[in-house]
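Student: I'd like to go through the empty spaces and the ligand site of this model with you. Could we take them one at a time?

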Amino acid sequence: GDLRLRKYEGFWYLEHLLAPTLAMRDTFVARPTDIILATTPKSGTTWLKALVFCVVHRGRHAPADERHPLLSSSPHDAVPFLHSIYENHLSAPPGPLLEEMPSPRILAVHTPFTALPASVRESACRVVYLCRDPKDVLVSLYHYVDKIRPEGSGTMTPFAEAFDLFCDGVVAFGPMWDNMAGYWKESVARPEEVMFLRYEDLKEDTVGTVRRLAAFLGCPFTDEEEAEGSGAAAEIVALCSMDKMRSVQANRDGTHGNGGSCFKNSAFFRKGEVGDWKAHMTPEMARRLDAIVEEKLRGSGLSMIGNDP
Ligand code: A3P
């Protein structure tokens, strides 16, 4: 992956994704049945993709079925990034490809809310937003960049330097607090269409959150479904667990994307814990980043404090 950043309308973009993002904003036409998964990178995107795919398609693919698509393909294949679809079709618009996708289409973005296509912001389509404690995001990102950087690209930027940049808001699709605040505001204004989730909530009560997701997406679990086996929601959670997902061949050896963005699927599975920042940050660094985040979010009604285990 190419990780050079460029600032545009207040947000940092991976340079090779800026043109595709603008093409997406200008030409994508949402269907009322579309489901958009919006996340900040390293906040659990891969996990959310798997969970929502299972919830939405559980009628066709029982979560306990050993031929379930997520046991032979990556969540990134099941739920593509919309900006990557545009990236692969910059010279010819991906219209036909997107038009042929059966409803409900599930598509992912990291795009800030204000840079989404107008039809997504204004139509009845559902947006599920997932973010995470910025301290854990930074640690996750640091390990991720280390894993995906090309061989022979020299030594890693020291963590302290990456930390300073992050505190200045310099991160793909960031500043992270502005990305979060944009979706938070929208979820307060339009709770029927925009659902705001944190990785920490998902970890603490995965089954409960999956039930809430299903209800939000208009396909709540029935009592009957919940009474079968260990319960449909619990079966989905088990299928999408870190251990299960990590062991799938497509997630061990596969890649997704191409061109400027080709990613090893294995790089998306690391520890999956809340509070791993403690192994990398001094209490002083944590206090500094927390203070920045709380200051930036002040008045929004959103706070990231109090998530620690
Ligand atoms: P860590 O690096 O802290 O372990 P994204 O998918 O947005 O890139 O986020 C990656 C983060 O989600 C990584 O966090 C990864 O380990 C974690 N993750 C991936 N799959 C997961 C799963 N099934 N359950 C919980 N966490 C998961």
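Tutor: Happy to; we will start at the ligand and then turn to a pocket and the cavities, keeping in mind that this is a predicted model.

Student: Which helix gives the most to the shell around the ligand?

Tutor: The shell has 17 residues, and among those that come nearest are Thr45 and Thr46. The helix we want spans residues 45–56 and contributes three residues. That top contributor is helix α2.

Student: How much of the ligand's accessible area does the protein cover, and which polar backbone atoms are in contact with a nitrogen or oxygen of the ligand?

Tutor: Ligand nitrogen atoms have backbone partners in Cys240, at 2.9 Å, and in Met242, at 3.4 Å. A ligand oxygen lies 2.7 Å from a polar backbone atom of Gly272. On its own the ligand has 570 Å² of accessible area, and the share covered by the protein is 97%.

Student: How many residues of the ligand shell are charged?

Tutor: Let's sort the shell by class. Six residues are nonpolar and seven are polar. The charged ones number four.

Student: What is the volume of the second largest pocket?

Tutor: Its lining includes Phe53, Arg60, Met101 and Arg105. By class, that lining has eight nonpolar, two polar and two charged residues. The space in this second largest pocket is about 230 Å³.

Student: Now the enclosed spaces. How many charged residues line the largest cavity?

Tutor: The search of the whole structure finds two cavities of 30 Å³ or more, and the largest has a volume of about 70 Å³. Its lining includes Val137, Leu141, Phe166 and Phe173, and the elements giving two or more residues to it are α7 (134–148) and α9 (176–189). The lining divides into eight nonpolar residues, three polar ones and, for charged, none.

Student: And which helix gives the most to the lining of the second largest cavity?

Tutor: This cavity holds about 30 Å³ of space, and its lining includes Pro134, Lys135, Asp290, Val293 and Glu294. Both α7 and α16 (283–297) supply at least two residues. With three residues, the main contributor is α16.

Student: Which classes make up the lining of that second largest cavity?

Tutor: Asp133 and Met304 are among the lining residues. No polar residue is in the count, and the two classes present have four residues each. They are nonpolar and charged.

Note on methods. Residues are numbered from 1 along each chain as its sequence is written. This is a predicted model: local features need pLDDT of at least 70, side-chain atom pairs count only at pLDDT 80 or more; totals for chains, interfaces and linings use all residues. Side-chain values use heavy atoms; hydrogens and water are left out. A residue is near a molecule or strand if one of its heavy atoms lies within 4 Å of it. A polar contact is a pair of N or O atoms within 3.5 Å; within protein, one must be able to donate a hydrogen and the other to accept it, and residues adjacent in sequence count only if both atoms are side-chain atoms. Accessible areas come from the Shrake-Rupley method with a 1.4 Å probe; for residues, only the protein chains shown count as cover. Helices (H or I, at least four residues) and strands (E, at least two) are DSSP runs, numbered from the N terminus. Ala, Val, Leu, Ile, Met, Phe, Trp, Tyr, Cys and Pro count as nonpolar, Asp, Glu, Lys and Arg as charged, and the others, Gly among them, as polar. On a 1 Å grid over the protein atoms alone, a cavity is a set of points where a 1.4 Å probe fits but cannot get out, and a pocket is an open set with protein on both sides within 12 Å along at least five of seven lines; lining residues have an atom within 4 Å of a point. Grid points are joined across faces, edges and corners, and a volume is the space filled by probe spheres set on the points.
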